[in-house]
Each structure stands twice: as C-alpha cells, then as structure tokens.
Amino acid sequence: MDYTAKLDVALERLHEEGRYRTFIDIERKRGMFPNAVWNRPDGEEQPVSVWCGNDYLGMGQHPVVLEAMHEALDSAGAGSGGTRNISGTTVYHKELEAELADLHQKEAALVFTSAYIANDATLSTLPKLFPGLILISDELNHASMINGIRNGRCEKHIFRHNDIAHLREVLEGLDPAAPKVIAFESIYSMDGDFGLIEEILDLADEFGALSYIDEVHAVGMYGPRGGGVAERDGLMDRIDIINGTLAKAYGVMGGYIAASAKMVDAIRSYAPGFIFTTSLPPAVAAGAAASVRHLKTDTVLREQHQLQARILKTRLKGLGLPIIDHGTHIVPVHVGNPTKCKMISDRLLEDYGIYVQPINYPTVPRGTERLRFTPSPVHGPLEIDALVKALDSLWSHCALNRADLAG
C-alpha cells in the first residue's frame, strides 16, 4: 500500500474542487484590533484589517481581561497541572463557573477546554444518564453537536432547519414514554439566522422533552447581561442545558454548559471528554471570568457592535451585493462558487489588506459558498469604507450576481 500516494490523491481532490484550506499567518498586535500584520509567504510583512474573527467585541485585547490573566499567570504559573479530577481544579476555575452559572441564572456551570468538547462530551453522555434516550436535532446544528449525538449511539432524529411543523411531526412519531432531548442553536453562524427558541420550548414542554441550546454565537452579545438570545427573550429559565463559548465574544478560550446542579454533577461524573482532559490554564480561566463579569454590565459595547453590523449590511445592500440578512451580527455575502470565493478572499488580502476567509463545503452546502464578515465595535468608518469599495470592485471584476438574497 502506497500511503503517500493516497494522501496525494486526497489533497489533490481538495485543490481541484477549490476547497483546499490555506492558513494565513496573522500576527495580532495588542491594542490594534482589528488591525494586524500578515506575514507573507515571501517573508514580507503587510498590514491587514481582520474581518472574519470571532472575537466579536475585541475582548481579547481588553485591559480588564489582560490584567486578570497577568495576575493569574504571576500567581499560579502557566499550566493547570492536570485534569480537573486530579490536580487541575483551581480557584480560577471555580470563580469562572460561578460567573457562568450567574450569567445564565442556573444552579451550576461546568467549564471545558472548548465549546466543541462541551457539546460533544455532554450530548454523547446524556444517553448514559437517560437509558433509551432519543435525541432530536436541527439539521443545521454545529458539527460538534452532530458528533456528540453520533457518539451517544442512541436513537436520533433530524428535523428540517427551524421547521416547527416537522419537529412536531417527529415528536408525534416517538414513544411518549421515552426520554427525549431537543438540541438546537440560538444563532446559526453560517446564515446568521435565529433559532425559533420559544416555539421549540413549547414543543419540548408538550412532549416532555429536555431542551439543549447552543448559544456560542450569542453569549456576551445579546441580552441585558450578555446571557444570549434566550436571555434577551426571557426564556433562559425554560431551557434545561445551555452551551456557550469563552472563545468568541469573551475573547479568550474554552466552552461550558450551564444547567441544574444535578445535571452538571452527572455530566462531570460521567463524561470522558471532561474527566480525561487537562483543564484550562489558570490564566485563561481568570481572563474568561473577568470578561464574563465585565460584559454583564457593558451594554454600550453590545450596542456599538449591533450598530456596526447594521451599517455594514446597509452599505452592502446599497451596492446590490447578495448578503444574507436575518437581523443578527453576522454578515454573510453569497458567492456560490468555491473557486471564485477563494479568489475574492485572496484578492482582498493581497490587493486591499482585508483578511476574510472563504467559507466552502463542507462547512456550508455546495453552491452556497460565501464570505462571512464579522464587524466589531472597533471596525470604524475607514475600515468599513475600504471593505465596501473593495467588494464593489471585485464583484464587478468577477461578474458576480448582485441580486439581494436577504431574508
């Protein structure tokens, strides 16, 4: 068996389909976000403006976060020392979990090394806790949720995205006595649309199902204290398990769940993805706790973020560019061709100093390739002007469709 040849074939297939992923060497500079430096392949440095980061509010550069991390690093050192069960639980981890439980008004929270691991570990563990469990999942759920459900090896059903009638149909066909979990998201990051939280919770109540919501693209940014869309809509108390991230709006790293004390205790005690993983470094936990605490009161930053997103969408619509607008902070611009999507991304970087990665299959379905822009409170008029003019020019150069796909 020529294993190297097999690898060549697999990689060449990605190149032929225009789906080969290239990592761009970006050097972030403290206090300069969203501006950064691109270390070009030729060894030269080029200033760029980052337009595809998930540090939505710039908290990765915030003095409150950096100060907390410096203090914890000087106090506790670099590593956590092991898994939470052995030696990896510190006062910083407990402080962070207390902040998260308070944020979501739940009895407890549990921190993981990422939201991917939190989803995977929790959803794959629930069938162990509830024998005969049936998991019902929105078809556009995150890969981490899909993987967790698959790893749970229990009966599962998929309902069409945000199709409440189809969800009801699925539930009506299940054993009324069987335990059930409905898993869905508050914001779906590729189209930027909201999940139908209240309608799904109504069905969960009607059919006796637990509810599991992924709020990773909403925590920190929606709700009076940044608790997510469920907090904004006054629905947090009706949700059984809330999943969130510390790596997007909170600007650090890690993921978590918030739920009842017994649910958290059970996941903590049974989930291999938690039990056997080294915990977050104390400095990371401290920075995340500081970020969560700060954003509980910084409503101005959230308002500025939403304003910048509205401005960018209005400007792009004015040019007739095919943006997908569902009212969230995410601004996807439809291209529909993987090769052209990659080409526009390359031209934006090399010719205009604008960094945005192409979103191609399998992240989105074939034929729906797009550029996904994430404006922040610190993307000012100059950055927005530069982006809009660059896109206008490249759209004409590539003879791409200018029909509006909004809504």
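This report walks through a small sheet, the helices lying across it, and the cavity and pockets of a predicted model.

## The three-stranded sheet

Let's start with the sheet. Three strands make up an open sheet, in the order β13-β16-β15, and their pairing is antiparallel. Because β13 (331-334) and β15 (358-359) each have a single partner strand, they stand at the edges, and one side of each is left without a neighbour in the sheet. As general background, strands of a sheet pair through backbone hydrogen bonds, in either a parallel or an antiparallel way.

The pairing can be followed residue by residue. Strand β16 (residues 370-373) joins β13 over 4 bridges in the antiparallel sense. If you would like to trace this in the viewer, look for H334, whose bridge partner in β16 is R370, and for V331, whose partner in β16 is F373. On the β15 side, the antiparallel pairing with β16 runs over 2 bridges. There, I359 has R370 as its bridge partner in β16. R370 is thus a bridge partner of H334 and also of I359.

## Side chains of β16 and the helices across the sheet

Which way do the residues of β16 point, and are they buried or exposed? R370 and R372 point one way from the strand, L371 and F373 point the other way, and all of them are buried. So both arginines and both of their β16 companions are worth finding on screen as you turn the model.

Two helices lie across this sheet. Helix α12 (residues 299-318) crosses β13 and β16, running at about 20° to β13. Helix α13 (residues 338-352) lies across β15 and β16, and its direction is at about 45° to β16.

## The largest pocket

The largest pocket has a volume of about 1,300 Å³. It is lined by 44 residues, and those closest to its centre are S189, M190, I359, T363 and R372. The elements giving two or more residues to this lining are β1 (26-28), α5 (143-151), β15 and β16.

This ties the pocket back to the sheet: I359, close to the centre as listed above, is the β15-side bridge partner of R370, while R372 is one of the buried residues of β16. By class, the lining of the largest pocket holds 20 nonpolar, 13 polar and 11 charged residues.

## The second largest pocket

The second largest pocket comes to about 150 Å³. Its lining consists of R84, N85, T89, K94, E97, A109, L110, A261, V264, D265 and R268. Elements that supply two or more of these residues are α3 (91-104), β4 and α9 (261-270). The largest share, 4 residues, comes from α9. Sorted by class, the lining has 4 nonpolar, 2 polar and 5 charged residues.

## The cavity

How many cavities of 30 Å³ or more does the structure hold? There is 1, and about 70 Å³ of space lies in the largest cavity. Residues R84, H93, V111, F112, T113, G273, F274, T277, T278, S279 and L280 line this cavity. Both β4 (108-112) and α10 (272-275) supply at least two residues of that lining. The classes are 4 nonpolar, 6 polar and 1 charged.

R84 is a handy landmark here, as it appears in the lining of the cavity and in that of the second largest pocket. Strand β4 likewise gives residues to the cavity lining and to that of the second largest pocket.

Terms used
Residues numbered from 1 in each chain as written. Predicted model: local features only at pLDDT ≥ 70, side-chain atom pairs only at ≥ 80, totals over all residues. Heavy atoms only, no water. Pairing = 2+ DSSP bridges. Contact = heavy atoms within 4.5 Å. Axes fitted to C-alpha atoms, helices over the stretch in contact; angles between N-to-C directions. 1 Å grid on protein atoms, 1.4 Å probe; cavity = no way out; pocket = protein on both sides within 12 Å on 5 of 7 lines; lining within 4 Å. Points joined across faces, edges and corners; volume = space filled by probe spheres on them. Nonpolar A, V, L, I, M, F, W, Y, C, P; charged D, E, K, R; others polar. Buried < 20%, exposed > 50% of the residue type's maximum accessible area, 1.4 Å probe, protein only.
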